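Work through the exercises below with the sequence and the model at hand, and compare each solution with what you find in the coordinates.

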Amino acid sequence: MATYQAADGWDALGDPTRRAIVACLAERPQAVGELAQKLPISRPAVSQHLKVLKDAGLVTDRAAGTRRVYQLNPAGVAALRDQLDAFWNRALDGYQDVVEQPTEEDS
C-alpha cells in the first residue's frame, strides 16, 4: 500500500546488518568489496542488503570503473529524520499536556 511507503526506510533499518552498512556509509562512500571486508557476511549478501537500502531510498550508487560505489542518500536520510522529529514532537506535546493538567493537589 502506498500509505505505508514512508516506513520502508525504517523497515530497512530493522536489520542489524543494514544498520551496520549505513554506519559504514556514513563515514564515506564505499564499494561492495570494502563493505564486505568490514562485515561478517559475503559480498553477495552485502549486495542484497544494499538493494534493500537502495529500494528504501536510503542509499544511491554510481559507477566507478568496474565497481559500484554506494553512498547514503541525503534525501532518504532527511526523510527519516523528519519522521523521527515529527514523532518526537508529538511525544513531547503529549507529555506537556499531561504535565500541565491540574492535579487534585492544585484544587
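Angles of 65 to 115 degrees between two directions count as roughly perpendicular. The model used here is a predicted one.

**Exercise 1.** Determine how helices α2 and α4 are oriented to each other, and which residues form their contact.

*Solution.* Begin with the geometry: α2 (residues 16-27) and α4 (residues 43-55) pack at an angle of about 80 degrees, and their axes lie 10 Å apart. The two helices are therefore roughly perpendicular to each other. Next, list the contact, in which α2 contributes Thr17, Arg18, Ile21, Val22 and Leu25, while α4 contributes Val46, His49, Leu50, Val52 and Leu53. Sorted by class, this contact of α2 with α4 holds 7 nonpolar, 2 polar and 1 charged residues.

**Exercise 2.** Establish the strand order of the sheet and find the helix α2 in relation to it.

*Solution.* The sheet is open, with 3 strands in the order β1-β3-β2 and antiparallel pairing. Its edge strands are β1 (30-31) and β2 (59-64), each of which pairs on one side only. Between β1 and β3 (residues 67-72) there are 2 bridges, and glutamine 30 has tyrosine 70 in β3 as its bridge partner. Helix α2 packs on this sheet, touching β1, β2 and β3, and its direction makes about 90 degrees with that of β3.

**Exercise 3.** Identify the residues that touch the most other members of the largest nonpolar core.

*Solution.* Among the 17 residues of this core, these are Ile21, Leu25, Leu35, Val46, Leu50 and Leu53. Two or more residues each come from α2, α3 (32-38) and α4, and the largest share, 4 residues, is from α2.

Note on methods:
Residues numbered from 1 in each chain as written. Predicted model: local features only at pLDDT ≥ 70, side-chain atom pairs only at ≥ 80, totals over all residues. Heavy atoms only, no water. Pairing = 2+ DSSP bridges. Contact = heavy atoms within 4.5 Å. Axes fitted to C-alpha atoms, helices over the stretch in contact; angles between N-to-C directions. Parallel < 35°, antiparallel > 145°, perpendicular 65-115°, else oblique. Nonpolar A, V, L, I, M, F, W, Y, C, P; charged D, E, K, R; others polar. Core = buried A, V, L, I, M, F, W, Y, C linked by side-chain atoms within 4.5 Å. Buried < 20%, exposed > 50% of the residue type's maximum accessible area, 1.4 Å probe, protein only.
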